[in-house]
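This report goes through a few local backbone features and one chain-to-chain contact surface. Please keep the sequence and the structure at hand while reading.

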Amino acid sequence: MSFLLCAAATCIAGLALLHLVGLATRRRAIDAPLAWFAGSGWFALFCFACRFGGGIPFSWPLATVAFAVPPAAWLALRLRGGARSNGEDAAPGPGVPARPISRWIPRPIWLWLLVAAYVAVVLAAVLLHGFDTPTNTDDGVRLRALTPMLAFADEWSPEARGLLGMAGAVPTFVPAAAWLFTRSVDAFHVNYVVLTDLVALLVLAVGLASTRGTPERGWASALGLLSIPLFVYHCTSTYQDAVLAMYVGAAFLFAMEHGRTGEPRDLGRALLVAVAAGMVKREGELVAATVVAALLAYAAWRRARGASIPLGRLALLVAVPATALLLAKTAAFGLADASAMTRLLATRVEATAAAGPAAASAGLRREALEAFVYALFRSGNAGGIYWALAATVIFAARAAARSTGVAPLALLALLLGEVAASSIWLFPEFTLDQTTVHRALLVVTVPAALWLAAALVDTAWPESRPAPP
Amino acid sequence: MEHGAALRRMAASALLAAVPGLVRASVPLDEMPIASLGRAPSNAAIAITARGAEFDVDDPVGLLLPLPRIRVLELDLAVDAPMLVSFLAEPHGAPSPGLPRWRYRSLSAGPTTLGVDLAEVPGWSGTNWPALRFEGAGHVIVSHVRVGPPVPSQAAARGDVDRAALWSSDPVWHTSINAISPPFWSASNRTYLSDVIAAVAAGLFVAVLAGFRLARGSWRPGAALAAAALLAVAAHGIHAAIRFLPAWNLSPKLDPEARIRDNYGFVAQFGPLAALARSTIGPGERVGVVADANDWFGPQTLCFHLAPRRCVAVRPGEAEHRGISGIGTLRDDQIDVLVSYDAPELPPGFVPVAAVSRRAFVARRK
């Protein structure tokens, strides 16, 4: 119950935040799950910044303020008459497409009933197993699910700060929120947060597609996500690899929507969730930076070609939370370790470059490349996603790009390149022993499943595709 | 009518052949003389009594069953403490759990019947001996052993192993989080399921393409590609669900204590010990966990479940003990309660006060 109340408070804070920055859609099926992601990011960033930047203990008054600030600010703005009209119910202006017509029943119904049945069965199993299963260790040695307990105790030794840097602010502060009010620890809240992330992503995928007239895309997305065996298993655990992938997936959904409709606010929504992804695991920094940089570059490119893109506002949407995060990290870990992942990467690149192109390391990388290809296509961890992705890129890339725009496909290629470079060049040993490569690939596999769903549905049913912007 | 009955029989036979788990229920079993267990190679001292074959488990006990060519095995046994039984196959020397598709059963204290389809056990070839490995601390009584008919040939055993590798469940354990067990269409030929599904999906692509051309006079490559991709993605998903679900905890337990107690499947004593420690140690007490020197799982996961109590892993010879990932320290004299999980010995000055077994208990100062 305490978790449900805090989840509701998180969503209310997230929804108010969306209204404040003009990104609410006024469609419950989109706003509710988006508010969960945005609210989680807000709560984590606010508490992280206050705790380490302001020295305010992580306690129930702080959590209450974190939940209350966005709704209070939104209310104040509305009372002053300053709340911007926003969302899809606003009258379309020049360059903004008309509000699409919602359609909730996919066609042909017999096919999608089967898909919905599969989604329901697998989702129910994930929720039950995830609800029931106590935490195991991370990587066989660490316990990332521990960091919420450290937050609850509010004891931050250098070792504890090191774990916080590794786990990230979202997995640390969000599961601990309810404990502050009940003054007791229930470790299963970490499981509940992961499961809520999954439900939010699925509702977002189906809701976003259905409110914009193509429920087939939404259900195909849900099928794709729940057909990734390792992702499905991860969602039942307290690991954070799937959580990072889900944040990236949510951002990717809006990036694709922008590609389809040209709606600038979808780009803003994608950026907002991508910034929150930067607070999940230390790897999240790098993944989120890639997504944010690619989306901003794409926005600049479109603006240069005459599209009506509020580039300054989009950049501000990223710059404000990113700056707050950087300052909080600097306060928590010191300037040198403010970006733990960048530091780790720099050290590794240096070591790899110093080793030079020795025959032994070349052989190691060749083997790592083979293992990486095995991970994509044969290991079963990613299911059939990469087979279908390869076939779609080979046979229908142009038609698919017409569906979602070029940017999401390019972003997918960037993410795959990033994971490939890390798995083959920087950390080949963990690819060869298969300990991290499959988990690292989740941040590519999840958006790949979403892209495939959109591209294939639009290619198979071209009549469902909206007119290009 | 006869036609229908024949079809149903054929379908049932095909299902039984395809789904290894159902084999145990479908084959006639013969009772094996219990006295033969007295001659089974084992590191335990096995006594044959009126109750059956009895032995104690302290360190892990391996029991090699001289049963070549037997695929189905069923045992009636009773244990007096939680125990983990792994099913293995020689000739792997000391049976080593933790391989992909490691087969295990977590036992609670009391009588139970264990059934195993050896075709699911890694390394079983049809000619080698099965083995059982007991972990925990307690007394075991095996009262009955029943075996299925011998496999008719090496080729039949290979077919059984292939079907089992394709359909049997993917058990959960520490490294499941890194990767699932590789799905093989044919484990004996090392043919990956992914390759087969891709080939079938390619065939479907061609068939749908040709079908549209013939039926409507137009090429619909988009529809053909969507159909092939749907097959490729969904087939993997359905196959994974079939393998996952039997190994998952799907009975909802509302009480978190019950979930901790009952749902650590592959570490049988751990869950009951964690639940016992949570219920008997006060919120302000300072805890030390003693375990085997090489145990990386027990101490830190016990401390995890005891949070926010201050908790450390007690290492003999160290003046100051550290908590999970080195967070927090306690000296010997600061520890109020010890939780002993498979530790070789208890530090002086403590006595057990509540126990799951003689190797898993909570101890307090005398």
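Is B:Arg69 buried, exposed or partly exposed, and how many other C-beta atoms lie within 10 Å? The model in which this is asked is a predicted one.

## Two positive phi angles outside glycine

B:Arg69 is partly exposed, with 19 other C-beta atoms within 10 Å, and since a residue is called buried at 20 or more such atoms, B:Arg69 is not classed as buried, because its count is 19. The residue belongs to the loop that runs between strand 4 (61-64) and strand 5 (72-79) of chain B, where its phi is positive, at about 70°, although it is not a glycine.

In chain A, A:Gln434 also has a positive phi without being a glycine, here of about 60°. A:Gln434 sits in the loop between helix 20 (428-432) and helix 21 (437-440) of chain A, and it is partly exposed, with 17 other C-beta atoms within 10 Å.

## Helix 12 of chain A

Helix 12 of chain A covers residues 241-261, which makes 21 residues, and from its first C-alpha to its last it reaches 30 Å, close to the 30 Å expected at 1.5 Å a residue. Of these 21 residues, 21 are buried, so helix 12 of chain A is largely enclosed by the rest of the structure.

Just after this helix comes A:Gly262, which takes a positive phi of about 80°.

## Cis peptide bonds before proline

In chain A, the peptide bond leading from A:Arg107 to A:Pro108 is cis, with omega near -5°. A:Pro108 is part of the loop that lies between helix 3 (60-79) and helix 4 (109-132) of chain A.

In chain B, the bond from B:Ala307 to B:Pro308 is likewise cis, with omega near 10°, and B:Pro308 is placed in the loop between helix 8 and strand 14 (311-313) of chain B.

## The side of chain B that touches chain A

Contact between the two chains involves 54 residues of chain B and 62 residues of chain A. On the chain B side, the elements that give two or more residues are helix 4 (193-216), helix 5 (221-244), helix 6 (256-262) and helix 8 (298-306), and helix 5 of chain B gives the most, with 16 residues.

By residue class, this side of chain B that touches chain A divides into 36 nonpolar, 15 polar and three charged residues.

Technical notes:
Residues numbered from 1 in each chain as written. Chains lettered and ligands numbered in written order. Predicted model: local features only at pLDDT ≥ 70, side-chain atom pairs only at ≥ 80, totals over all residues. Helix = DSSP H or I, 4+ residues; strand = E, 2+ residues; numbered from the N terminus. Expected span 1.5 Å × (residues − 1). Buried ≥ 20, exposed ≤ 12 C-beta atoms within 10 Å, placed from the backbone. Contact = placed C-beta atoms within 7 Å. Nonpolar A, V, L, I, M, F, W, Y, C, P; charged D, E, K, R; others polar.
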